[in-house]
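Me: I'd like a close look at a single part of this one, please. Pick a spot with an odd backbone angle, tell me how it sits, and then work outward into the interior from there.

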Amino acid sequence: MDIAVRDINDDVAAEQGHDVEASSSSSSSSSSSSSSSSSVLTALAERVAPVSMARERVLPVAEHVTELFSEGGLVRGRVLSCRGMAATSASLNLVAAAVAAGSWLAVIDVPTLGLDAASELGVPLERIVAIDTSLGDKPTAANVAARAARWADVVAAAADGFEVMLTRVPAEVTASTMRKVATRLQQRGVVMLVLGDPGPLVCDGVIDTTEQIWSGVGAGWGHLQQRTVDMSASGRRVPGRRCISLALPSGAEATPSKRDAEAAVDNCPPLLSAVS
């Protein structure tokens, strides 16, 4: 199994000002053996071993999002699907408190994670490890199956050392493989947040980000200062449907002025609705 692993802090020095994308991980040498890759993950597992007791059932979340969960936090062993126009920001906001409390976050196959955005949302960058299973290769008909299998192997290995994961699920992963992944996560008490389509992976809950209003938008001018996002939680392990209105990136509940709200609705450029 060949993977590329990097410490997210290696990119921090290159980050200035606005949201930028994290650089892609360097590819592993084609001659690397399975035993070598396994030793890398073993070393990582030792480095990021959970500091909380395995019997603790719930990982903490920030006070402003506790209403989304009847248990008051992220239940170990569960998988949450994050979708909508602000899915990435919402997922980072949900895991920020757990990471700040001592958990390690594995970001698997999310090369566009913005370091500035993660920091503004309260995620300690020194406790994030990014893992790229693509090896820098473009998906082709010949390697998609191998990449899907590699993703499952990496998730299973990372479950030994990380309490929280943020990932995208390859479309080619089979249902049987997904069941094995879910079992592994439950055994290790890992919380996984999936961006986009979870495919055949059965999720315990769905975090939806629907409406969003930008503060500071004018008619052809303005300075984007904040956005208010409507978030909801639902799913098979979420009683009813829970909804909150959240201001990002600060996290405090806030509502833009009426003038800003009207301007956002009437004049917001189409690209703004795609920002996550």
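Reply: Let's start at aspartate 109, which counts as buried because its relative accessible area is 8%, under the 20% cut-off. Keep in mind that this is a predicted model. Aspartate 109 sits in the loop between S5 and H3. The odd angle is its phi: the value is positive, about 60°, although the residue is not a glycine.

Now look at what flanks that loop. Strand S5 (105-108) and helix H3 (115-120) each supply at least two residues of the largest nonpolar core. That core has 41 residues, and Leu105, Leu193 and Met231 are the ones with the most contacts inside it. Other elements that each put in at least two residues include strand S4 (79-84), strand S7 (164-167), strand S8 (191-195), strand S10 (222-234) and strand S11 (242-248). The largest share comes from helix H2, with eight residues. In soluble globular proteins, nonpolar side chains tend to be buried together.

Stay with leucine 105 for a moment. Leaving aside neighbours within four places in sequence, leucine 105 is in contact with Val95 and Val99, with Val123, Arg127, Ile128 and Val129, and with Phe162, Val164, Met165 and Leu166. There is also another core, apart from the largest one, with 26 residues, among them Ile108, Val154, Val181 and Met192.

One of the partners of leucine 105, Val129, deserves its own look. Valine 129 is in strand S6 (residues 128-132), and it counts as buried because its relative accessibility is 1%. Its C-alpha lies 5.1 Å from that of alanine 106, with the two positions 23 residues apart in sequence terms.

Strand S10, one of the contributors to the big core, also holds a charged residue, arginine 227. At 6% relative accessibility, arginine 227 counts as buried. Its side chain has a partner: a polar contact of 2.8 Å joins it to the side chain of serine 89.

Follow the chain past S10 and the picture turns around. Glycine 240, in the loop between S10 and S11, counts as exposed because its relative accessibility is 55%, over the 50% cut-off. Not counting residues up to four places away in sequence, glycine 240 touches Ala233 and Ser234. Its C-alpha is 9.8 Å from that of serine 70, a residue 170 positions off in sequence.

Next, the loop between S3 and S4, where both arginine 76 and glycine 77 are found. Arginine 76 counts as buried because its relative accessibility is 14%, and glycine 77 is buried too, with a relative accessible area of 10%. The side chain of arginine 76 reaches the backbone oxygen of glycine 189 at 3.4 Å. Glycine 77 touches Gly189 as well, along with Leu185, Gln186, Val190, Val191 and Asp204, again not counting residues up to four places away. It has a further long-range pairing, in C-alpha terms, with arginine 188: the two are 111 residues apart along the chain but separated by 6.9 Å.

That brings us to the empty space. Rolling a probe the size of a water molecule over the atoms shows where empty space is left. Here there are two cavities of 30 Å³ or more, and the largest has a volume of about 110 Å³. Its lining takes 15 residues, with Phe69, Glu71, Val75, Arg78 and Leu80 nearest the centre. Strand S3 (residues 73-75) gives the most to that lining, with three residues. If you're thinking about what a probe molecule would see in there, the lining divides into eight nonpolar, three polar and four charged residues.

Zooming out to the whole protein chain, the secondary structure comes to six helices and eleven strands. Of the 276 residues, 49% count as buried. Among contacts with a separation of 6 or more, 71% are between residues 24 or more positions apart. The pairing of glycine 77 with Asp204 is one local example of a touch between residues well separated in sequence. As for the starting point, aspartate 109 belongs with the buried residues, and its positive phi is the feature to look at again when you go back to that loop.

Notes: Residues are numbered from 1 along each chain as its sequence is written. This is a predicted model: local features need pLDDT of at least 70, side-chain atom pairs count only at pLDDT 80 or more; totals for chains, interfaces and linings use all residues. Side-chain values use heavy atoms; hydrogens and water are left out. On a 1 Å grid over the protein atoms alone, a cavity is a set of points where a 1.4 Å probe fits but cannot get out, and a pocket is an open set with protein on both sides within 12 Å along at least five of seven lines; lining residues have an atom within 4 Å of a point. Grid points are joined across faces, edges and corners, and a volume is the space filled by probe spheres set on the points. Helices (H or I, at least four residues) and strands (E, at least two) are DSSP runs, numbered from the N terminus. A nonpolar core is a set of buried Ala, Val, Leu, Ile, Met, Phe, Trp, Tyr and Cys residues joined through side-chain atoms within 4.5 Å. Buried means under 20% relative accessible area, exposed over 50%, partly exposed in between (1.4 Å probe, protein chains only). Contact means heavy atoms within 4.5 Å. A polar contact is a pair of N or O atoms within 3.5 Å; within protein, one must be able to donate a hydrogen and the other to accept it, and residues adjacent in sequence count only if both atoms are side-chain atoms.
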